[in-house]
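Visitor: I would like to learn how to read strand pairing and an unusual backbone angle in a model like this one. Could you take me through it step by step?

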Amino acid sequence: MARLTDYNRKRNFGVTSEPPGRIAKAVGKARRFVIQRHDATRLHYDLRLELDGVYKSWAVTKVPSLDPATKRLAVEVEDHPIDYGTFEGTIPEGEYGGGTVQLWDRGKWLPQSATPEKDLAKGNFKFVMDGERMKGGWALIRLRDRDEGRKRNPRHNWLLIKETDDYARPGDPEALASETTSVKTGRTLDQIAGGSHKVWHSNRAAKGDATAKSPAKRKASAKSARATPSSVKSKAKKKLR
Ligand code: MN
């Protein structure tokens, strides 16, 4: 549980609708990723890559760039539980991370080597993404810590860089800035903020019913999570009406 201690410590689960942190079991070799666009004090993009039962997480300060020459600052943050990957909704003001969270991208990622944990520890981490918006090769390169040598825990800064491949858009660094809707519900941030329904159903867990979800139900929800973008969109339209 030590890996999610920070995550749980920072949150009051009686107030926020975010899910409580639990370590997930590995699901085969396929590793999940999500990017949550987070309208907090500053708009940022939370990149989360599944590794060893949690989401390794970075707050990317601007929209990821498809231009290999445009590097984005990615601030390492605490590991998040896999359950967090479906969260879309509003975190109450005054709570940790207060603001609106939109599911901006999701899919699978593959490491470029057999030892992604080692690559991460070294600060030179290359991977391939197969999401709805993020595709192809990417690299996370850790910068030298400014706090190096001091006692207190440094916040590691990384750079998120698109690798040159078919998905790269040299000279067009803001290509993804026009993508402003949820890949899950089709909603904009404003619609999520004003929405009456919460997509994440952690209220059940908060009422002490965390283990109630049967394996069959889990499978069903995993299936719907893999729905095609078009079906997601039409579902979202119905909900918005
Ligand atoms: Mn965030």
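Guide: Keep in mind that this is a predicted model. A good place to begin is strand S8 (residues 135–142), which pairs with strand S9 (residues 157–162) in the antiparallel sense over 5 bridges. Within that pairing, leucine 140 stands opposite leucine 160 in S9.

Visitor: Which strand is joined to S8 by 7 bridges?

Guide: That is strand S7 (residues 124–131), which runs antiparallel to S8. One of the pairs to look for places asparagine 124 with isoleucine 141, its bridge partner in S8. S7 and S8 form a hairpin, and 3 residues lie between them.

Visitor: What is the sign of phi at aspartate 52, and how should I read it?

Guide: The general idea is that most residues other than glycine have a negative phi. Aspartate 52 is not a glycine, yet its phi is positive, at about 55°. The residue sits in the loop between strand S2 (43–51) and strand S3 (54–60).

Visitor: Why does aspartate 52 count as partly exposed?

Guide: Aspartate 52 has 13 C-beta neighbours inside 10 Å, so it counts as partly exposed, given that a residue is exposed at 12 or fewer and buried at 20 or more.

Visitor: And how do these details fit into the whole protein?

Guide: The secondary structure comes to 6 helices and 9 strands, and 29% of the 241 residues count as buried. Among contacts between residues at least 6 apart in sequence, 62% join residues at least 24 apart.

Terms used
Residues numbered from 1 in each chain as written. Predicted model: local features only at pLDDT ≥ 70, side-chain atom pairs only at ≥ 80, totals over all residues. Pairing = 2+ DSSP bridges. Helix = DSSP H or I, 4+ residues; strand = E, 2+ residues; numbered from the N terminus. Contact = placed C-beta atoms within 7 Å.
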